[in-house]
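Please examine the sequence and the structure shown below before reading on. The explanation begins with a single residue and then proceeds to the chain as a whole.

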Amino acid sequence: NTRVLLAARPNGEPTEADFRIERAPLPVPGKGQVLLRNRWLSLDPYMRGRMNAGRSYVAPIEVGAVMEGGTVSEVVESLHPDLAPGELVLAEGGWQTHAVADGDSLRRKLDPGDLPLTTALGVYGMPGFTAYAGLREIGKPAPGETVVVAAASGPVGATVGQIAKLRGARVVGIAGGPRKVAHLRDDLGFDVALDHRADDFAAQLKAAVPDGIDVYFENVGGHVFDAVLPLLNEFARIPVCGLIAHYNDSAPPPGPDRLPQLMALALARRLTIRGFIVFDFNKLYPEFLREMGAWLRDGKVRYSEDIVEGLENAPQGLIGLLRGENFGKRLVRIA
Ligand code: NDP
């Protein structure tokens, strides 16, 4: 078993030295368990948070432990009555070539004859479900309303924008660099696409939303949120999904303290600002699989993937994801 461990807690941006690759004997499954060979590993922004000490919404990864992550895995040995060798499953296999899992903990069997297996880690998996549920339960865009989303070429943002279009909203997508911006406009059908790295980004955003913003799907925070804030309409909804601009912060930002102004705006404009974690909405998962499955098979929702070759390149893959180097859902193909 080859596996990637957390070697040290990063200070600011992670480096290769925060990870360690080692070989270990194959784990042995017990009663009710399976031995899995991991084929695909998902790289996700939340992994940066798990590398820090202190409990967030789940416990941190311990120093010296295997990095956690979602996988598409093949059953190679089974001591569980419902799982047979050769079957493919969605698992939490982690950053390693093999893993042992309780058969009952596996969320889904995957059909290799249906949608591509990799989609189970992206648009047809956790990130896609995040977009679906956050928009449906909190964003609630009405036809004709304006929806703004950043990190818009990634698996969450691209799916948010496309679902909002399917629900009849006007969509403004924000991404970093001309290639991503062109993708939003030309391939995904967003009404407007903007580059948050442009010097006059805030002015461009203002011009792009003549009727203001009704839904801001918050993926990033930072200077994007600063530009969005004054443009929010009365009764705007802000599903707070992620704050990737801050995941590598090692100290609070310099002052002044803007919390009073933010709360005054929340009051005057009657904003709904609601954080959520995807598993809060687990009861919607079967419906997500049905509806999103149909959209994907009909070509109504599109997606892009960014493949990192080999487990040994996973650390650099995560470091680059936090910098915006990925184009679409970032995955590691485990050789
Ligand atoms: P992406 O594939 O979109 O990757 C992250 C992207 O964030 C980068 O490609 C980059 O895109 C953008 N980014 C990085 N730094 C900044 C910055 N300073 N300002 C603006 N954009 C930045 O990731 P996902 O689609 O997987 O995730 C998107 C967000 O959703 C993340 O915040 C993640 O933590 C959150 N999330 C939350 C979940 C929940 O349950 N609440 C579940 C899943 C995801 P660009 O080049 O366009 O700037």
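Leaving aside its neighbours within four places in sequence, with which residues is Gly70 in contact? In this predicted model, the partners of Gly70 beyond those sequence neighbours are Ser42, Glu92, Leu121 and Met126. Gly70 itself belongs to the loop that runs between helix 1 and strand 4 (71-78). A residue is classed as buried when 20 or more other C-beta atoms lie within 10 Å of its own. Gly70 has 24 C-beta neighbours inside 10 Å and therefore counts as buried. Ser105 stands 35 residues from Gly70 along the chain, and 13 Å separate the C-alpha atoms of the two.

From this one position we may turn to the whole chain. Nine helices and 15 strands are found in it. Its radius of gyration is 20 Å, close to the 20 Å that the globule rule gives for 335 residues, so the chain is as compact as a globular protein of that length. Along the principal axes, the C-alpha atoms fill a box of roughly 60 × 45 × 35 Å. Buried residues make up 42% of the 335 residues. Among contacts with a separation of 6 or more, 65% join residues that are 24 or more positions apart.

The chain is next considered by its domains. The domain assignment gives domain 1 (2-122 + 303-333) and domain 2 (127-279). The centres of domain 1 and domain 2, taken over C-alpha atoms, are 28 Å apart. To the contact between them, domain 1 contributes 14 residues and domain 2 contributes 15 residues. On the side of domain 1 that touches domain 2, five residues are nonpolar, six are polar and three are charged. A separate description comes from the record: an unreviewed UniProt entry lists residues 16-332 as "domain: Enoyl reductase (ER)". Within residues 16-332, 28% is helix and 24% is strand, and the end C-alpha atoms lie 16 Å apart.

Where does the ligand lie with respect to the two domains? Both domain 1 and domain 2 give residues to the shell around the ligand, so the ligand lies between them. The residues around the ligand number 31, and those that come nearest are Gly154, Gly176, Gly242, Ala245 and Gly324. By class, the shell comprises 17 nonpolar, 12 polar and two charged residues. Helix 2 (126-139), helix 3 (155-166) and helix 6 (222-228) each supply at least two residues of this shell. The largest share, three residues, comes from helix 3.

Helix 2 also merits attention for its surroundings. It is mostly covered, since 11 of its 14 residues are buried. Among the buried residues of helix 2 are Pro127, Phe129, Tyr132, Leu135 and Ile138. Just after helix 2, Lys140 adopts a positive phi of about 45°.

Helix 9 (residues 314-323) offers a second example. Its buried residues are Ala314, Pro315, Gly317, Leu318, Ile319 and Leu321. The elements covering these buried residues include strand 1 (2-6), strand 2 (19-23), strand 3 (33-42), helix 1 (46-50), strand 14 (305-309) and strand 15 (329-333). Just after helix 9, Gly324 takes a positive phi of about 85°. This brings the account back to the ligand, for Gly324 is one of the residues that come nearest to it.

Notes. Residues are numbered from 1 along each chain as its sequence is written. This is a predicted model: local features need pLDDT of at least 70, side-chain atom pairs count only at pLDDT 80 or more; totals for chains, interfaces and linings use all residues. Domain bounds come from an automatic or database domain assignment. Two residues are in contact if their C-beta atoms, placed from the backbone, lie within 7 Å. Ala, Val, Leu, Ile, Met, Phe, Trp, Tyr, Cys and Pro count as nonpolar, Asp, Glu, Lys and Arg as charged, and the others, Gly among them, as polar. UniProt positions are given in the numbering used here, feature names are shortened, and annotations may be inferred rather than shown by experiment. Helices (H or I, at least four residues) and strands (E, at least two) are DSSP runs, numbered from the N terminus. The radius of gyration is taken over C-alpha atoms; the globule rule is 2.2 Å times the number of residues to the power 0.38. A residue is buried if 20 or more other C-beta atoms lie within 10 Å of its own, exposed if 12 or fewer, and partly exposed in between; C-beta atoms are placed from the backbone. A residue is near a molecule or strand if its C-beta atom, placed from the backbone, lies within 6 Å of it.
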